[in-house]
Amino acid sequence: MNEAFVWPVRVYWEDTDAGGVVYYANYLRFLERARSEWLRALGVEQTELAARDGLVFVVRHIAVDFLRPARFDDLLAIHSRLLELGGASLTLEQAVVRAGAVLLTARVRIACVRNADFRPARIPPHIIKRLLP
């Protein structure tokens with residue numbers, strides 16, 4: 001396994017419910033941003049992948065465990081780590097952390113699909129090279 005990529009996120013009012021706690025669906029946004037930034041840090045530009053190869057990554061499955069709440073103005077760290085790399089998919093482990101305390105864990109399976117018809121497609125070798133340590 002490779003080291004986790006960490007992306008910081010500040011909680012704003014728009015992320016919370018009436019009680020000032022992060023609304024559960026907004027955690028998915030935080031996870032998505034961290035995955036996109038992880039790919040970008042590896043040199044994988046998703047717009048280029050779509051334009052050059054006609055491929056996009058989509059969430060196929062996600063399992064989330066909500067452990068503790070995050071609140072307005074918290075500074076969170078979103079950890080993302082590649083667990084498995086298949087021919088047409090990858091699985092990541094993600095966690096939302098505040099000051100060392102894990103608030104949420106997620107296991108996310110991402111599929112590579114053709115942009116034209118959303119049928120599964122093999123991840124191109126030039127992308128696989130970037131994903132492997």
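Buried means under 20% relative accessible area, exposed means over 50%, and partly exposed is what lies in between. Keep those cut-offs at hand for this walk through a predicted model.

**Stop 1: a charged cluster at Arg40**

Start by selecting Arg40, which is partly exposed because its relative accessible area, 41%, falls between the two cut-offs. Now add Glu45, the salt-bridge partner of Arg40; the closest N and O atoms of the two are 3.7 Å apart. Glu45 is partly exposed as well, with a relative accessible area of 34%. Add Glu37 to the selection and you have a network of salt bridges that links Glu37, Arg40 and Glu45. How many salt bridges does the structure hold? There are 10, and two others come up later in the tour.

**Stop 2: helix H1 and an aromatic patch**

Next, colour helix H1, residues 24-41. Tyr24 is found in this helix. Is Tyr24 buried or exposed? Its relative accessibility is 52%, so Tyr24 counts as exposed. Show a surface here and select Tyr23, Tyr24 and Phe66 together: these residues make a nonpolar surface patch of about 350 Å².

**Stop 3: the sheet as a whole**

Switch to a cartoon view and colour the strands. In what order do the 5 strands of the open sheet come? The order is S1-S3-S4-S5-S2, and the pairing is antiparallel. At the edges you will find strand S1 (5-10) and strand S2 (55-66), each of which pairs on one side only. Look across the sheet and compare the directions of the strands: on average, neighbours are turned by 25 degrees against each other, direction ignored. If you turn on hydrogen bonds in your viewer, keep in mind that strands of a sheet pair through backbone hydrogen bonds, either parallel or antiparallel.

**Stop 4: strand S4 and its neighbours**

Now select S4, residues 89-98. Why is S4 described as largely enclosed by the rest of the structure? The reason is that 8 of its 10 residues are buried.

Bring in strand S3, residues 75-85, on one flank of S4. The two run antiparallel and are joined by 8 bridges. For a concrete pair, pick Leu82, whose bridge partner in S4 is Leu92. Follow the backbone from S3 into S4 and you pass through a hairpin with 3 residues.

Then add strand S5, residues 101-114, which runs antiparallel to S4 and is joined to it by 10 bridges. Two pairs are handy to label here. Ser89 has Ala111 in S5 as its bridge partner, while Arg98 is paired with Ala101 of S5.

**Stop 5: the turn at Ala99**

Zoom in on the hairpin of S4 and S5, which has 2 residues between the strands. Select Ala99, in the loop between S4 and S5. What is the sign of phi at Ala99? Phi is positive, about 50 degrees, although Ala99 is not a glycine. With a relative accessibility of 84%, Ala99 counts as exposed.

**Stop 6: Asp73, Asp74 and a link across the chain**

Move to the loop between S2 and S3, where Asp73 lies. Asp73 is another place to check the backbone: phi is near 75 degrees, a positive value in a residue other than glycine. Asp73 is partly exposed, with a relative accessible area of 44%.

Step along to Asp74 and show its side chain together with that of Arg98. The two meet in a salt bridge, with 2.8 Å from N to O. This pair links distant parts of the chain: Asp74 is in the loop between S2 and S3, Arg98 is in strand S4, and they are 24 residues apart. Asp74 counts as buried at 16% relative accessibility, whereas Arg98 counts as partly exposed at 24%.

**Stop 7: Arg114 and Asp117**

For the last selection, take Arg114 and Asp117. Their side chains meet in a salt bridge of 2.6 Å, N to O. Arg114 is partly exposed, with a relative accessible area of 36%, and Asp117 counts as partly exposed at 39% relative accessibility.

Technical notes:
Residues numbered from 1 in each chain as written. Predicted model: local features only at pLDDT ≥ 70, side-chain atom pairs only at ≥ 80, totals over all residues. Heavy atoms only, no water. Pairing = 2+ DSSP bridges. Helix = DSSP H or I, 4+ residues; strand = E, 2+ residues; numbered from the N terminus. Axes fitted to C-alpha atoms, helices over the stretch in contact; angles between N-to-C directions. Patch = residues over 30% accessible without salt bridge, like charges linked within 9 Å, V, L, I, M, F, W, Y side chains within 5 Å. Areas by Shrake-Rupley, 256 points an atom, 1.4 Å probe, with all protein chains shown as cover. Salt bridge = Lys/Arg side-chain N within 4 Å of Asp/Glu carboxyl O. Buried < 20%, exposed > 50% of the residue type's maximum accessible area, 1.4 Å probe, protein only.
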